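The following paragraphs walk through a predicted model. They begin with the pairing of strands and then turn to the helices and the core.

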Amino acid sequence: MALPPHYAPTFTPTTHSTIPPNIDPRHVRLRAPFTVVVTGAGKGLGRHIALAYARAGASALSISSRTLADLEALEREIGVIAREEGREVEVLKGVCDVCCAEGVGGLVEGVRER
């Protein structure tokens with residue numbers, strides 16, 4: 001089956017299979033204290049962004065998603081990364097639907113209070 005011309009393999013002539021060292025979270029160190037807020041952190045890209053910041057040395061991560069179970073699993077993973085590196089990462093997790101203004105307001109307040 002032929003792929004349409006706008007599909008990924010023909011869309012860009014260059015593909016990368018490795019992360020350049022200047023953006024690889026295993027080689028980049030963030031200055032402490034460094035706090036990050038990641039919405040949509042329960043799955044997919046948001047989850048991987050949160051893990052990358054944990055690897056890069058973020059001292060605090062606020063993670064939010066619509067599903068608490070996903071956040072709890074991510075919090076455990078962040079804890080493993082921190083222990084492997086001999087440091088602590090403060091994790092603030094909260095269920096939040098970014099389509100709801102009250103939920104976003106609650107998230108902002110929680111981060112400010114912490």
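Strand 2, residues 60-65, runs parallel to strand 3, and six bridges join the two. Within this pairing, Ser62 has Leu92 of strand 3 as its bridge partner. Helix 3, residues 68-84, packs on the sheet and touches both strand 2 and strand 3; the helix direction makes about 170° with that of strand 3. Leu61 of strand 2 is likewise bridged, with Val91 in strand 3 as its partner. The chain passes from strand 2 through helix 3 to strand 3, and this β-α-β crossover is right-handed.

On the side of strand 1, five bridges join that strand to strand 2, again in parallel. Here Val37 stands opposite Ser62 in strand 2. The chain goes from strand 1 through helix 2 to strand 2 in a β-α-β crossover that is right-handed. Strand 1 shows an alternation of side chains: Val36 and Val38 point to one face and are buried, whereas Thr35, Val37 and Thr39 point to the other face and are not buried.

Taken as a whole, the three strands form an open sheet in the order 1-2-3, with parallel pairing. Strand 1 (35-39) and strand 3 (90-95) are the edge strands, each pairing on one side only. From one strand to the next, the twist averages 15°.

The helices can be checked for length. Helix 2, residues 44-56, has 13 residues and should therefore span 18 Å at 1.5 Å a residue; its end C-alpha atoms lie 19 Å apart, which agrees. Helix 3 has 17 residues and reaches 25 Å from its first C-alpha to its last, close to the expected 24 Å.

Next comes burial along each helix. In helix 2 the buried residues are Gly46, Ala50, Leu51, Ala54 and Ala56. They are covered by elements that include strand 1, strand 2 and helix 3. In helix 3 the buried residues are Asp70, Leu71, Leu74, Ile78, Gly79, Ile81 and Ala82, and these pack against helix 2, strand 2 and strand 3. An α-helix has 3.6 residues a turn, so residues three or four places apart point the same way.

Which residues have the most contacts inside the largest nonpolar core? That core has 16 residues, and the ones with the most contacts inside it are Leu61, Ile63, Leu74, Ile78 and Val89. Strand 1, helix 2, strand 2 and helix 3 each supply at least two of its residues. Helix 3 gives the most, with five residues. For Leu61, leaving aside neighbours within four places in sequence, the contacts are Val36, Ala50, Tyr53, Ala54, Ile78, Val89, Glu90, Val91 and Leu92.

Some backbone details remain. Most residues other than glycine have a negative phi, and most peptide bonds are trans. Gly57, just after helix 2, takes a positive phi of about 105°. Gly86, which follows helix 3, also has a positive phi, near 70°. A cis peptide bond joins Ala32 and Pro33, with omega about -5°. Pro33 is found in the loop between helix 1 (8-11) and strand 1.

Definitions and conventions:
Residues numbered from 1 in each chain as written. Predicted model: local features only at pLDDT ≥ 70, side-chain atom pairs only at ≥ 80, totals over all residues. Heavy atoms only, no water. Pairing = 2+ DSSP bridges. Helix = DSSP H or I, 4+ residues; strand = E, 2+ residues; numbered from the N terminus. Axes fitted to C-alpha atoms, helices over the stretch in contact; angles between N-to-C directions. Contact = heavy atoms within 4.5 Å. Expected span 1.5 Å × (residues − 1). Buried < 20%, exposed > 50% of the residue type's maximum accessible area, 1.4 Å probe, protein only. Right-handed = clockwise from strand over helix to strand, strands pointing away. Core = buried A, V, L, I, M, F, W, Y, C linked by side-chain atoms within 4.5 Å.
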